[in-house]
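Biologist: I'm new to this one, so please pick a single spot and take me through it closely. Start there and then work outwards, in plain words.

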Amino acid sequence: MQALLIIVLLSLMLSCAMGPDYTRPQTDTEDRFRMADGQSDLPSLANLPWWELLRDEQLQQLIRMALAENYDLQRAVATVDEFRARALVSQTDWLPQITAAASMPAGRKANFLFPGFASPFNYYTVGNLAWEVDLWGRIRRSTEAARADLLSKEENRRAVTIQLVSAVAEAYFNLLQFDLQLDIAKRTLQSWEESVRIAQARLRQGMTSKLDADQFEAERANAAARTAELQRQMVQAENHLSVLLGRRPFSVTRGHSLDEQIVPPEVPAGLPSELLQRRPDLLVAERQLAAVTARIGAAKAERFPRITLTGLLGVAHPELSLLFTDSSSFGVFGAGLAAPLLNAQVLGFQQEAVEAQSKEALAQYQQAVLTAFREVEDALIAVQTARTQRESQQQQVAALQSALKLAELRYKGGLANYLDVLVARRSLFESELALTSTRRLLLASVVQLYKALGGGWSPEMASVEQPEG
């Protein structure tokens, strides 16, 4: 027995896990992002805590509410708990498996036969011992795969958190956009109602034609329709945001208006290589690749013989009072060898399937890296162009406001026809709505860039209270 144990220990010391060891795939990265404006030497925007990026106190409260009550996030957290338990189960394969049984026959004439005992016993307890010698690394690779699965689910929880917070922020900005556009539509509607009143008065006085009055009435009706449309969009935006918060639709309290939202003056992206360590979706794909790589070794080990140490421990005696005495105990130890024969070809096919899965996981990881860089570049150009677009549209709105005032004065004084007022007010209305959309686009683009960079929206950071001041 001692010789057998020495052989087993030496085998464990000399054995190595089969299959390839995981290494991160090589990924070509540039020194800077293409649209980074030479800001790669600055700390990345993603290093900011989310409450320093999103300064609206009401938005911060909504984000905390979503992190506490959103069901998608709760499901992701539960999945992490599930795979943590699975990882713990896989670790127990290293330990000897011991089972115990105890029974008492119903009658004195019951007959039980045990190895090493010639006569039947009425009372007995038995314990079975089995321990697989992980000579080929099957258990080690399986445990490694389970650990990688757990890490993948933890990163997926972080990815869900990032997606949730960004979705809440963008939904909130959409709501503020509809609020501001609704105010613009109501103000424009009042202006058209005033124009209709003036046109009707001039029509009665014979100073204008019915065509002029009808045109003003048509524009007033158009503004009324747009107002109703924006009211619908605003309520639907509230409903969408409510679901993200894990609640039934309710009236969402606003904080600062869209015009008052703070946009960071600089949005540096940082180094491209930082994405590989920061973005949770890339880490999910990488951990999935690591898990399937470990399973290749486990599949290979399945094709080799398994060595197990087995034993039978128990006590037996015809008298219950003497059951746990020294004379009633017995034990048998041995070793077993099991090798695949008829199913060897099936195990070979299983190994080929796992190797194909590893190629699939590698391609998925490489595609995720490309997608990550595209999303960063898209967000960078969106932030840059949205700033320029906003400034140009602000100038356009100012010019159209001046043009409308002049057209209304000329029309009231009889120096211009209705078309001048109609075109000027219609153009101003559309321009103001477009400017509002661009302001929302700029805010949303900063949020999308922060998300694309894998910003600090982790469950741990979410639990930290916002500093005062």
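Modeller: Let's start with Arg247 and Glu69, whose side chains meet in a salt bridge, with N and O 3.1 Å apart. By salt bridge I mean a side-chain nitrogen of Lys or Arg within 4 Å of a carboxyl oxygen of Asp or Glu. Glu69 sits in helix α3 and Arg247 in the loop between α6 and α7, so the pair ties together parts that are 178 residues apart in sequence. Helices here are DSSP runs of H or I with at least four residues, strands are E runs of at least two, and both are numbered from the N terminus.

Before going further, bear in mind that this is a predicted model: local features need pLDDT of at least 70 and side-chain atom pairs pLDDT 80 or more, while totals for chains, interfaces and linings use all residues. Residues are numbered from 1 along each chain as its sequence is written, and side-chain values use heavy atoms, with hydrogens and water left out.

Are the two partners buried or exposed? Neither, quite: Arg247 is partly exposed at 39% relative accessible area, and Glu69 is partly exposed too, at 27%. The cut-offs are under 20% for buried and over 50% for exposed, with partly exposed in between (1.4 Å probe, protein chains only).

Now follow Glu69 into its helix. Helix α3 covers residues 57-69, and at 1.5 Å a residue its 13 residues should span 18 Å; the end C-alpha atoms are 18 Å apart, which agrees. That expected span is 1.5 Å times one less than the number of residues. At the N-terminal end, Asp56 acts as a cap, with a side-chain oxygen 2.9 Å from the backbone nitrogen of Gln58. Gln58 is also one of the buried residues of α3, and others include Leu59, Leu62, Ile63, Met65 and Leu67.

Leu62 leads us inwards. It is touched by Leu241, which also contacts Val168, Ala171, Tyr172, Leu175 and Val252, leaving out residues up to four places away in sequence. Contact means heavy atoms within 4.5 Å. Leu241 is among the residues with the most contacts inside the largest nonpolar core, along with Phe33, Val168, Phe173 and Leu453; that core has 65 residues. A nonpolar core is a set of buried Ala, Val, Leu, Ile, Met, Phe, Trp, Tyr and Cys residues joined through side-chain atoms within 4.5 Å. Our helix α3 is one of the elements that give two or more residues to this core, and so are α5 (138-204), α6 (210-244) and α10, among others. The largest share, 14 residues, comes from α5. Apart from this core lies another, of 19 residues, including Leu189, Ala199, Val397 and Ala424. In soluble globular proteins, nonpolar side chains tend to be buried together.

Go back to the loop between α6 and α7, where we met Arg247. Leu271 is found in that loop as well, and it is partly exposed, with a relative accessible area of 36%. Its C-alpha atom is 7.4 Å from that of Phe33, although the two are 238 residues apart along the chain.

Other charged pairs are worth a look, since a search of the whole structure finds 26 salt bridges. Arg84 forms one with Glu154, the closest N and O atoms being 3.4 Å apart. Arg84 is in helix α4 (residues 71-91) and Glu154 in helix α5, so to speak a link between distant parts of the chain, 70 residues apart. Both count as partly exposed: Arg84 at 33% and Glu154 at 25%. Glu375 and Arg279 pair up too, at 2.9 Å from N to O. Here Glu375 belongs to helix α9 and Arg279 to the loop between α7 and α8, 96 residues apart. Glu375 is partly exposed at 30%, whereas Arg279 is buried at 5%. Asp21, Arg141 and Glu144, meanwhile, are linked in a network of salt bridges.

Finally, the wider setting. The protein chain has eleven helices and four strands, and buried residues make up 43% of its 469 residues. Among contacts between residues at least 6 apart in sequence, 84% join residues at least 24 apart.

Note on methods: A polar contact is a pair of N or O atoms within 3.5 Å; within protein, one must be able to donate a hydrogen and the other to accept it, and residues adjacent in sequence count only if both atoms are side-chain atoms.
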